[in-house]
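Thanks for coming. I'll take a few minutes to walk through one structure, beginning with a group of charged residues and then moving outwards.

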Amino acid sequence: MSDDPRTPAAAPDWHRLHPEEVAERLRTGIEAGLADGEAGRRLGEHGANELAEGRRRSPWLMLLGQFTDFMIVVLLAAAVVAGVVGEPQDSAVIVVIVVLNAIIGFAQEWRAEKTMAALRRLGAPHARVVRGGEVADIPARDLVPGDVVLLEAGNVVPADLRLTGVARLKIQEAALTGESVPVDKQVAPLQSAAAALGDRTNMAYKGTIVTYGRGRGIVAATGMATELGRIAALLQSATEGQTPLQRRLADFGRRLALAALGICVIVFVAGMLRGEPLVLMFLTAVSLAVAAIPEALPAVVTVALAMGAGKMASRNALVRRLPAVESLGSVTTICSDKTGTLTQNRMEVARLWAGAAAAGLAPRAEPWPQLLRAMALCNDAVQGATGELQGDPTETALCARALGEGFDKAALLETMPRVMELPFDSDRKRMTTVHRDGDGHLALTKGAPESVVPRCALAAAPGGEAAIDRDAILAEAERMAADGLRVLAFASRRWEGLPAGDEIDEVEDGLVFLGLAGLIDPPREEAAAAVSECVAAGIRPVMITGDHPVTARAIAGRLGILDEGEAVIDGTELARLSGEELRERCASAAVYARVNPEQKIRIVEALQARGEVVAMTGDGVNDAPALNRADVGVSMGRSGTDVAREASHLVLLDDNFATIVAAVREGRRIYDNIRKFIRYAMTGNLGEIWTIFLAPFLGLPIPLLPIHILWVNLVTDGLPGLALAVEPGERGLMRRPPRPAGESVFARGMGQHIVWVGLLLGGVCVGTQAWAHASGVSHWQTMVFTVLALSQLGHVMAIRSDRDSLFAQGVLSNLPLAITVAATVALQLAVIYVPWLNGVFHTQPLTAAELALCFALSSIVFLGVEAEKALVRAGLLYRRG
């Protein structure tokens, strides 16, 4: 048996070895781990610690794939036919257009692939390791055999580990063994060589979940050499599924293709009956089929979603599952944690009180200095090398406030060193520190008001010490607590000698009351505005917290989540509610307090039973089921556990509620822009079909040559349509209700728009042909070609908004689109006026009057859509029920 860790097939039974033997065989230190240089060398030998993905297509295969689409194959066949029958110009141009189309398709797919790869790297898991005796966070893919890994609750085990130390460690191994109960782990070697995975209690396996306690282990296997890797090798399929929208559009495209092919057959037969040349009608029918079938729609959706996900990542919202981008636009309820998401996750002193008599006095007048000194000294916070306070958040907040008032703990300790302390415990609810003060000693006590105040005999006052009014002090403490503050009381007692440390009751008795401090985890500055934006967008913000109901009410009130008089449902009450009762209550409940993670699932399910689309935040191990159950599970990037992040659809890299709202806004914008592209492409396709389909039935010749159809499909259809992906969000985007989850992409008047504008576009083109042909204009076909191209450009500018006029938006507010449209107009004019292109595209130069007429006729579509939007603004069209 080889001891070389590079040969996983010959790896020993790690579970049978003592930790020291494991360390020796893997040439590592149980405490110090590997040196960085050795870890780098082993990474080169073993490769990355990741499961092999399905083979990703190389750029060359992506490019070749552009030529395998059925319609492209048909088009290439048409080019061959054209060349054989003596139309080499048409053949060459068709090939050039197919190649250009392939380049654009390749660029789209390459961009989407690179964006998704970047997102995968950004969301890669990390591991905490000991290397060279120092603890470090590294990407889990960089782990190598021999690394020492630290585990804690919430971690996904990053590799197969032989455990060397545990502290009440439990690991959920259901994903590997099917065992639903978390397994208690230990470090002693096992005797059986044939022990099943579930019985190897001294091992931790890649992909399993730490549910409780802490642990430490040596990496025994990585990547495909792990137990999970062996299973993955049997299931090699790494294709990502399509999003729901992509599936709906692909299905629609297939049905549309059948209809388009039927129309093409009719056009071909009608042309032949009219005596049109066979080759011309064949090429026309093929070109029309290529133009009519929106085979690029699913790809465009991928590009738009991937680009949107990349933009969200730059704004601290990492999309882990692409369908979440669609779902965000339908969210009706956002259930958010309080701490860190709606609040700043840092305590600050919001209010100090040193008795009614001290209310108007300056901070340097007694008794304020005594209170501030106690806040600094009766405190375990320490100042780091950079000057940052470190320690319990409450302690650091008290110390920071005292420092801000000029009471520096470090300076005070030089003259009043701490000589004794009575640590805080949950029974006493207070702590005491004793300091040398001149010839005597000063004991400083802080704790819950109900614990400290009854032990006070006097109260500090401006003139010295005065009689204490305990009821008044406790009443003030209750008022502060009712405002959502965490209240601490401070007191002191002078001793001539050092009091006995075992006489706690005596040390903390006969105290002089100094004052109260009210602390709060303040709301994020941007949270109130984000909540207001939610409400305006028809999204109901709901706070779910494990904190006290009084604190939850105060914060929710300040943020506008809870109105005056509204009830807060606490966990105890929630446990008593039946499913039906909870469904009724959740229709109006905005705040849930003292809620455990298991109850979050009930809340999500109750909301969904009412037809709500729910986004749910969570950061703990036990939040994972609720995140998975929600329509959009949102985990925390900073404070969240690996398990929560794995279960979520969206990761907040800054743990900020406002980022959720920004992601919803971005999701709505992306979906709107996908609809705009579909609206543009489908309307243009339908207009081309009507133009060619109607002309023969009106006794007119074929209005467009195949080369014209392909040009319009490539240039005027494709390039401006792609620029719609970067269209800014519409005015009022977050002041409209959420999109119903099951709503068709063609809803809200889009289907009607495609039909009537497609007819209008076809009618304008056929009308142009009828007039020019009847008037004896020799280059009527160039006019029809130009009107079709320019009409589509007017259409793309008009549909930038469903409601607002282009003139209200501003022509340059989408600069890429404006540039693309201008460039497309220039290309169209080049096709008309550049002599050598006339021969290629079978066009003739137009007179200035004819060109002006083409611009005027093509504006009919633009004006028609602007009129449609005016009716929408007036409430006369496409009203939502």
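Start with Glu38, Arg41, Arg42 and Glu45, which are linked in a network of salt bridges. Keep in mind that what you see is a predicted model. Across the whole structure, a search finds 35 salt bridges.

I'll go through three more of them. Arg141 and Glu50 meet through their side chains, with 3.1 Å from N to O. That pair links distant parts of the chain: Arg141 sits in the loop between S2 and strand S3, Glu50 in the loop between helix H2 and helix H3, and they are 91 residues apart. Arg141 counts as partly exposed because its relative accessibility is 38%. Glu50 is also partly exposed, at 39%.

Next is Glu666 with Arg315, where the closest N and O atoms are 3.7 Å apart. Here the separation along the chain is 351 residues, with Glu666 in helix H25 and Arg315 in the loop between H10 and strand S8. Is Glu666 buried or exposed? Its relative accessible area is 6%, so Glu666 is buried. Arg315, at 43%, counts as partly exposed.

The third is Asp802 with Arg679, at 3.1 Å between the closest N and O atoms. Arg679 is in helix H25, while Asp802 is in the loop between helix H28 and helix H29, 123 residues away. Arg679 is buried, with a relative accessible area of 6%, and Asp802 is partly exposed at 23%.

Now to H10 itself, residues 297-314, which holds Val301. With 1% relative accessibility, Val301 counts as buried. Its C-alpha is 9.5 Å from that of Asn673, although the two are 372 residues apart in sequence.

Helix H12, residues 368-377, is mostly covered, with eight of its 10 residues buried. Among them are Trp368, Pro369 and Met375.

For a view of the surface, look at Val95, Val96, Val99, Leu100 and Ile103, which make a nonpolar patch of about 370 Å². Ile103 lies in helix H5, residues 88-122, and is partly exposed at 45% relative accessibility.

One hairpin is worth a look. Strands S1 and S2 pair in the antiparallel sense over six bridges, and Ala127 stands opposite Ile138 in S2. Two residues lie between the strands, and Gly132 takes a positive phi near 60 degrees.

To finish, the overall numbers. The protein has 32 helices and 25 strands, and 51% of its 881 residues count as buried. The accessible surface is about 37300 Å², 58% of it belonging to carbon and sulfur atoms.

Terms used: Residues are numbered from 1 along each chain as its sequence is written. This is a predicted model: local features need pLDDT of at least 70, side-chain atom pairs count only at pLDDT 80 or more; totals for chains, interfaces and linings use all residues. Side-chain values use heavy atoms; hydrogens and water are left out. Patches are made of residues with over 30% relative accessible area and no salt bridge: like charges are joined within 9 Å, nonpolar side chains (Val, Leu, Ile, Met, Phe, Trp, Tyr) within 5 Å. Accessible areas come from the Shrake-Rupley method with a 1.4 Å probe; for residues, only the protein chains shown count as cover. A salt bridge is a side-chain nitrogen of Lys or Arg within 4 Å of a carboxyl oxygen of Asp or Glu. Helices (H or I, at least four residues) and strands (E, at least two) are DSSP runs, numbered from the N terminus. Buried means under 20% relative accessible area, exposed over 50%, partly exposed in between (1.4 Å probe, protein chains only). Two strands pair if DSSP finds at least two bridges between them.
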